[in-house]
Amino acid sequence: GGDYLASIGGFDTTVRIWSKTGDPGPVLENCGYPVLAAGFSADSRHLVTVGDSAIRQWTIGGRPGPALITDCTVASVDCAPEGNLVAVGSSDRNVSLWRTDGTPVALLKGHEKPITRVGWSPTGELLAARDDGDAIRIWNSQGVSGATLVGGTRDFAWSPDGQHIATGAGQNAIRIWSASGARKADAHIADVRGVDWSPDGN
């Protein structure tokens, strides 16, 4: 993995694919206006782009695939690390699961505010979705709801083993939770905008 990089331009409709050596690759056009997000499939053979209400799959060579059209603004997309599932978070407060061939899998309902970010655990067994009400809900890959993490959660990051999730909160705190929702530890620092784990998970 790690052979390609996707870059999103300004407020246009294009995404460019680059090699890891910096050589320019295909330019993907008509991805929607504006292009909001992009994510590679687990096998690095495809790229999913999000442009407002349009979600499209592309080959690494730049050939367009199925387009998924929604009736609401898409805020976030993430491809599962295993298999061919794509999670899409939208302004209608729902998370939808799709296969990369355009087949719908599940619609995850339960959030009270628009979705701002979705992220699969490294194992692909669980999905975290954050909404504009600063709540994070955990789902499994079949779309069954699990724990809800609350407390001003501005950002989140899965541990490398997928057993824990760290959240950055507006109350000058970083919190570590188990995947089942048990609060494990707090650290109080300055205002938190983002969190991430070291590769070894320590």
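Biologist: With which residues is Thr167 in contact, leaving aside its neighbours within four places in sequence?

Modeller: The model is a predicted one, and in it Thr167 lies in strand E17, residues 164–169. Once neighbours within four places in sequence are left aside, the residues in contact with Thr167 are Ile136, Leu149, Thr153, Asp155, Phe156, Ala173, Ile174, Arg175, Trp177 and Val195.

Biologist: Does Thr167 count as buried or exposed?

Modeller: The relative accessibility of Thr167 is 0%. A residue is called buried when this value is under 20%. Because 0% is under that cut-off, Thr167 counts as buried.

Biologist: Which side chain makes a polar contact with the side chain of Thr167?

Modeller: A polar contact requires a pair of N or O atoms within 3.5 Å. The pair in question is 3.0 Å apart. The partner of the Thr167 side chain is the side chain of Trp177.

Biologist: Ile165 is also found in strand E17. Is Ile165 buried or exposed?

Modeller: Leaving aside neighbours within four places in sequence, Ile165 is in contact with several residues, including Ala128, Ile138, Trp158 and Trp197. Its relative accessibility is 0%. Because the cut-off for a buried residue is under 20%, Ile165 counts as buried.

Biologist: What distance separates the C-alpha atoms of Ile165 and Lys184?

Modeller: Along the chain, Ile165 and Lys184 are 19 residues apart. In space, their C-alpha atoms are separated by 9.8 Å.

Biologist: In what order do the strands of the open sheet that contains E14 stand?

Modeller: This open sheet has 4 strands, and their pairing is antiparallel. From one strand to the next, the twist averages 20°. The order is E12-E13-E14-E15.

Biologist: Which strands stand at the edges of this sheet?

Modeller: A strand at the edge has a single partner strand, so one side of it is left without a neighbour in the sheet. The two strands in this position are strand E12 (115–120) and E15.

Biologist: How many bridges join E14 to E15?

Modeller: Strand E14 covers residues 136–140 and strand E15 covers residues 145–149. Among the partners across them, Ile136 is matched with Leu149 in E15, and Arg137 with Thr148 in E15. The two strands run antiparallel, and the number of bridges is 3.

Biologist: Which residue in the turn between E14 and E15 has a positive phi?

Modeller: E14 and E15 form a hairpin with 4 residues between them. The phi in question is about 90°. The residue in the turn that has it is Gly143.

Biologist: Which are the edge strands of the open sheet with the order E8-E9-E10-E11?

Modeller: This sheet has 4 strands with antiparallel pairing. Each edge strand pairs on one side only, and these are strand E8 (74–79) and strand E11 (104–108).

Biologist: Which residue in E11 stands opposite Val95?

Modeller: Strand E10, residues 95–99, is joined to E11 by 4 bridges, and the two run antiparallel. Opposite Val95 in E11 stands Leu108.

Biologist: How much space lies in the largest cavity?

Modeller: Rolling a probe the size of a water molecule over the atoms shows where empty space is left. Here the count comes to 1 cavity of 30 Å³ or more. The space in the largest cavity is about 60 Å³.

Biologist: Which element gives the most residues to the lining of the largest cavity?

Modeller: The lining includes Val48, Pro66, Val86, Trp98 and Gly102. The elements that give two or more residues to it are strand E6 (54–59), strand E7 (64–69) and E10. With 3 residues, the element that gives the most is E6.

Biologist: Thr59 is found in strand E6. Is Thr59 buried or exposed?

Modeller: Not counting residues up to four places away in sequence, Thr59 touches Ile17, Arg45 and His46. Its relative accessible area is 16%. Because this value is under 20%, Thr59 is buried.

Biologist: Which class of exposure does Gly25 have?

Modeller: Gly25 is placed in strand E3, residues 24–28, and is in contact with Arg16, Ile17 and Trp18 when neighbours within four places in sequence are left aside. Its relative accessibility is 28%. Because buried requires under 20% and exposed requires over 50%, Gly25 counts as partly exposed.

Biologist: How far apart in space are Gly25 and Gly61, C-alpha to C-alpha?

Modeller: In sequence, Gly25 and Gly61 are 36 residues apart. In space, their C-alpha to C-alpha distance is 7.9 Å.

Technical notes. Residues are numbered from 1 along each chain as its sequence is written. This is a predicted model: local features need pLDDT of at least 70, side-chain atom pairs count only at pLDDT 80 or more; totals for chains, interfaces and linings use all residues. Side-chain values use heavy atoms; hydrogens and water are left out. Buried means under 20% relative accessible area, exposed over 50%, partly exposed in between (1.4 Å probe, protein chains only). A polar contact is a pair of N or O atoms within 3.5 Å; within protein, one must be able to donate a hydrogen and the other to accept it, and residues adjacent in sequence count only if both atoms are side-chain atoms. Contact means heavy atoms within 4.5 Å. Two strands pair if DSSP finds at least two bridges between them. On a 1 Å grid over the protein atoms alone, a cavity is a set of points where a 1.4 Å probe fits but cannot get out, and a pocket is an open set with protein on both sides within 12 Å along at least five of seven lines; lining residues have an atom within 4 Å of a point. Grid points are joined across faces, edges and corners, and a volume is the space filled by probe spheres set on the points. Axes are lines fitted to C-alpha atoms, for helices over the stretch in contact, and angles run from 0 to 180 degrees between N-to-C directions.
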